[in-house]
Each structure stands twice: as C-alpha cells, then as structure tokens.
Amino acid sequence: MDLAQIVSVLIFGITFYYILTERIHRAVIAFVGASVMVTVGILMGFYSAERAVELIDFNTVGLLFGMMMLVALMEETGVFQYLGVYVARKTKGNPWLLLISLGLLTAFLSMILDNVTTIVLITPITIIIARLISISPLPLLMGEAILSNVGGVGTLVGDPPNIMIGSASAAGFSFNTFLVYALPVALVSLAVVLVIYRFLFKEELSQEPQDIERLMAMNPADAVKDPVKLKKLLLVFAAVIAMFFLHSLVHMEPSTIALLGAAVALLVVRGKEDPHQIIQKTELSVLLFFASLFIIVGGMEETGVLAIVGELITGSATSNFLMTAIVILWVSAVMSAIVDNIPFTVAMIPIIGYLAASGMPVDLLWWALVFGVGFGGNGTPIGSSAGVIVMSKSEETDEPITFKSWMKSGLVATFASLIVATGAIWMYYTFEWVELPDPDVHYEFGAVVQASTHNAGH
Amino acid sequence: MGIDGKEYLVRDLMRPVVVLKDSIDLKEALAQLVKERSNIAGVVDDNGSFIGAVSTVSIIRAVLPDYMEADIVAAKFADDKLLKEDALRAAGKLLHEFVHTTEDVVKPDDNLLSATVTSAGHGTGRIFVLDEDGKPVGLLTRTEIKQVLAAFLGVNPELHEKCKHD
C-alpha cells in the first residue's frame, strides 16, 4: 500500500470508529471525516472537491429527501392513527388478530414510508388500545418493531440501504426488481415471524380483552384533522407509487419521481406557506450523513484501496459463489445487529461493485446484502431505529421491553428471517433465477476474459 | 423611571412564593399547590437553596406518558379512566425527577425593568425572586408587570394611588 492509501484507510477507520461507537453524533463525525478526506486528498493529489461531489449518489440522497418531505406532510394528516384504529376495531380486541393486523399494517406502511415515522405514529395508538381493553402491549409492540424492519426489506424505498444498493447495483435494481426478488422474501418472513410470535407470546395473546366497547367506541375519523388535505396527499402519493412501478419504462430515476411528488404535494397542500416547517422535519442531518459517507468511501476508491479489497475476495467469490453470498448475508446481519447498517452498507457497496466491474454478475451478492442488513437490524434492540423507538415508548407501560425480553423474541425472529433469506439465496442460485458467474470465464478488474482466450494468450 | 417619580424594585411588588422540597412526591406537591391556590412553586434542596420550579404544566407532563404527550392525535382516543390510571401511577414520583431548572430569576433589589426584560426575553410569565443565598423569597408574575405598565400609562388607578401614597 502506498502513503495515500494508508492515509485514506486511516481517515476511514477513525471516522467509522466514532460512527459505530456513537461517541460523537454520526452526522458530525461523518462530515468531519469527509472534509478531512477531501482536504488531505487535494494536498496529496488523490482527490478533488469536484470528484467528491460527483461521488455523492444523488439518487440515494434525492429519493430520501423526496420521501421524507412526503412523509412529513402525510404525518400531519392523522392517517396513520386512522388506519391503526380502523384495523384494530376490525379485530374486536382479539390480541392475536391485533398482532396480525397492527403488525402487518406497520410492515406494509414501512414498505413505502420510512420505518421511523411509521413506528413513531403507530406505537402510541397501539399502547392506548392495549390499555383500553386491558391486554398486554408487549407482543403488539415487539411485532410492530420487528415487522417494520422485515417489511422495509421488501421494496426499493422501504429501507435506506435498499435505496443505496438499488442505486449502486450495476444493473440498477428498479422498484419492480425489488418486488420480484425481495418482496416475496419479506412476505414469507412476515408470515414466519407471526407464526413464531403466536407461540412465543402464547400467554399474552390468550388474554381475554376487557371493556371491548371502549375500543369499539373509537371513531377512526376522529384522527383525521383535514380530510380534504388528506385526499389531495393520498392522490399525490398514489401517483408517486404508480410512477415507481413504471420508472424503468419512462426512464425516470426513483429520486426524480420522489422529488417531483414532494414538490407537487407541497404545492397542493401548503402552496402559500413557507416550507421551512416541513423541511425542518426532513432530518437534513441524515442527508448530510449519507453525503459524507459517500465522500469518505469515495476517497478510498480514488486511492485504490477498494480495488485491493475487491481483489482479495474475488478468488473466493469465483470459486464458491453461493457460499460467498451466504457469508455476506450472515456477516451483514451480525454487523447490522450490532452497529448502524447504513455505514456498513456504504462500505460494502464499492466492494461488491468492484466485483461487478470485473464483469462478474453479482446480483446474488446484492440480494444477500439487502437481506442481511435489512433483517439483521432486528437482532438487538439497538440494531434499528424502530427497535430503539419501540423500546423507549414501552418504558412507560406495565411491561417495558428490556434488552433481555428483546433478545428472547427479536433474536428468534431475526434468525427465522435469515433462514428464509438463506433459502431464497439458495433458490436464486440453484434455479439460476439471477445471472450467475460463468465458470468458464476468468474475471479480472477492468476486463472480462474468456478462460480459453486468456489461457491461449499465455 | 418609576411611578410619580418613585423607583420601584422587585421586592415592592413580588408576591409570596410556594416553596416545596425536592424530596416530596407528586401527590404531596399537588396537594400543596391546591391548598395554596397556586399554579407554580419553587423547589429547594435540603439546604433550602433554589434548584428549579414545578408548575401545574410540569405535573401534567409528569403524569402523562411520553408516548401520549408526543402524539396528540393518538391521545384523542384515550379516556378519563386512562388519565386516572396515569395519575395514580405518577403519584409517587419525587419532585427531583421532574423539577425543571429555570433561569427566570431576579433579586429583590433588581429594578422592574430587569424583571420585565427577563420575562420578555425568556417568554415566561413567572419569575422567581432569590435572595443573596439563592433561597426563594418571592414570585413576580406577569400580573404584577402588567399592573406596573398599566400604571405607567395611567390606566391602573389602584396601583397609581398606591404608589402615590407610598
């Protein structure tokens, strides 16, 4: 390794150490790391400000920003609480049916909206419902946390890592590609987790609900403050989702669609108001974090460090492709259970990207990464934002979710989801549902050489 | 410039303050506030030093679970029975768990302008008056400040007359 490579690895290592240990706010330390990487890169001649800006993935940042704006507008309408009360009333207070209905509602909302917003708005109404009919909120809250992460795996916009992987994958996974390859895995995992929870929380789910009339007296419509505004937003949202389905046909990036949707939504419901209040809700610090990570990893790419890492794993990837995918799946899951899955994803993307640059079809590895970082977050309560929020909200209930109680049910759900994902990876490989490396081809960086030609040349 | 040439200090207008120890619980604090017909009290440690305030709003916040306070829409679906449960659950919370620190303090010998600036600057209506040892000795509310301002403009005959006779 030359000096530039050592320096870029040092900057990356120190920054990621502080991100993962959370001793400094992740957006602040990532911003510092990115600034240092660019400054040192300019001084040493391996990086430039222009190149750093080029390496920020606009698709990821734009899609996140657009969806954040839409969600910020949507959460003001009370539609989440409306849906929560609506489905809860249909169960007539049966705890098992409540787990299914509220859990699946959270999962499906998380497929198109960010998990944090969904969880923040669904958990209070869940606790209130559980208290009104005197049942344990524990299985409901655990189910919502776990299923929001599982649901998020199913779509391109369901989880920030999916957005990044979708954008980075050589073929550019579309919204529909996720529906074909990731959604079925998420749906099977949802069903498996629900069945497991039926047994894990047998006692709680057998409780006889009391005072059902208090639940039935709840009128979902009371949650909606401004029905006209809600209808307008739902129309815009439906149009955005429809465009997501068609984006590869109309040659529009998902980010363009999300930003267009956010612009139209702002115009129709808040056209005369300063958008400052909505922009404040969009967590600009998350966008700063993402942009900074792209710049830091970009610095390592420019010095050639990622090429070295890529070359190191090329051998194993070509000799045992299925095993490589399964290792990526499980290692990603373990890492995501312990640390933030976003920096891990950002670090993994260029490595798999380098294998793709050699001409090797790596779709299977991308899917392994999607499932690993998506399901792994459920392994511990700190593995995902949804887990952290649900644990905090449960603190003031009669049965707060503790680290121990999470590990008892969360870890089982994670393991089950990963088994489902491993099965899916095996099927994709065995039945060749994704393009696989050709054993007769020798893959090299920057060139694809037919084995016979390659051999003949030497 | 005071009223009719007299410079008024905080001590001239402050009202008595309810003082509670930080070791008592929410139920006892609420009983004191009800008894004293006050919506705010100064909170002191074992030495009598001021450490903050507890108001009716802070008691309500201590009673309400965070998940309900943060979601007004969801809270619409709760009922009085839940509020009673929450109140009973919070009754044993000690004051030091939810006392809020405040910078809205003045000294008895500060002038009214200082109190008015403190009130306006912090957007608060209640300012604690602390003596040299940091012990609460009075409370100045927006009512007193309002009356002084009204007296300046000659629309508060009662205070105007009081000032004339002092």
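**Exercise 1. How many residues does the contact take from chain A, and how many from chain B?**

Break the chain A side down by element and by residue class.

*Solution.* Keep in mind that this is a predicted model.
- Step 1: start with the totals. Chain A puts in 16 residues and chain B puts in 13 residues.
- Step 2: look for the elements of chain A that give two or more residues to the side touching chain B. Those are α5 (79-90) and α7 (115-132).
- Step 3: find the largest share. That one belongs to α7(A), with seven residues.
- Step 4: sort the chain A side by class. You get eight nonpolar, three polar and five charged residues.

**Exercise 2. Work out how α9(A) and α20(A) are arranged, and list who touches whom.**

*Solution.*
- Step 1: get the geometry. Helix α9 (residues 160-168) and helix α20 (residues 341-357), both of chain A, have axes that come within 10 Å and cross at roughly 15°.
- Step 2: classify the angle. Angles under 35 degrees count as roughly parallel, so α9(A) is roughly parallel to α20(A).
- Step 3: add the handedness. The crossing of α9(A) past α20(A) is right-handed.
- Step 4: name the contacts. From α9(A) come Pro160(A), Pro161(A), Met164(A), Ile165(A) and Ala168(A); from α20(A) come Asn341(A), Ile342(A), Thr345(A), Val346(A), Ile349(A) and Gly353(A).
- Step 5: tally the classes. This contact has eight nonpolar, three polar and no charged residues.

**Exercise 3. Do the same for α8(A) and α22(A).**

*Solution.*
- Step 1: the axes of α8 (residues 138-152) and α22 (residues 385-394) of chain A come within 9 Å, and they cross at roughly 165°.
- Step 2: an angle over 145 degrees counts as roughly antiparallel, so that is the label for α8(A) and α22(A).
- Step 3: here α8(A) passes α22(A) in a right-handed crossing.
- Step 4: on the α8(A) side you'll find Leu141(A), Glu144(A), Ala145(A), Ser148(A) and Asn149(A), which meet Ala386(A), Gly387(A), Val390(A) and Ser394(A) of α22(A).
- Step 5: by class, that's four nonpolar, four polar and one charged.

**Exercise 4. Is Val17(B) buried or exposed? And is Gly121(B) buried or exposed?**

*Solution.*
- Step 1: place Val17(B). This residue sits in the loop between α1 (10-13) and β1 (19-21) of chain B.
- Step 2: count its neighbours. Val17(B) has 21 other C-beta atoms within 10 Å; the cut-off for buried is 20 or more, so Val17(B) is buried.
- Step 3: see who is around. Setting aside neighbours within four places in sequence, Val17(B) contacts Gly42(B), Phe128(B), Pro136(B), Gly138(B) and Leu139(B).
- Step 4: check a distance. Val17(B) and Phe50(B) lie 33 residues apart in sequence, with 12 Å between their C-alpha atoms.
- Step 5: turn to Gly121(B), which belongs to helix α8 (residues 112-122) of chain B.
- Step 6: Gly121(B) has 10 C-beta neighbours inside 10 Å; 12 or fewer means exposed, so Gly121(B) counts as exposed.
- Step 7: for a distance here, take Asp104(B). Its C-alpha is 9.3 Å from that of Gly121(B), and the two are 17 residues apart in sequence.

**Exercise 5. Where in chain B is confidence lowest, and where is it highest?**

*Solution.*
- Step 1: begin with the whole chain. Chain B has an average pLDDT of 86, and 91% of the residues score at least 70.
- Step 2: go element by element. Helix α10 (residues 157-165) of chain B is lowest, at a mean of 59, while β1(B) is highest, at 96.
- Step 3: finish with the scores for the model: ipTM 0.75 and pTM 0.83.

Technical notes:
Residues numbered from 1 in each chain as written. Chains lettered and ligands numbered in written order. Predicted model: local features only at pLDDT ≥ 70, side-chain atom pairs only at ≥ 80, totals over all residues. Contact = placed C-beta atoms within 7 Å. Helix = DSSP H or I, 4+ residues; strand = E, 2+ residues; numbered from the N terminus. Nonpolar A, V, L, I, M, F, W, Y, C, P; charged D, E, K, R; others polar. Axes fitted to C-alpha atoms, helices over the stretch in contact; angles between N-to-C directions. Parallel < 35°, antiparallel > 145°, perpendicular 65-115°, else oblique. Left-handed = near helix turned anticlockwise from the far one by under 90°. pLDDT = per-residue confidence, 0-100.
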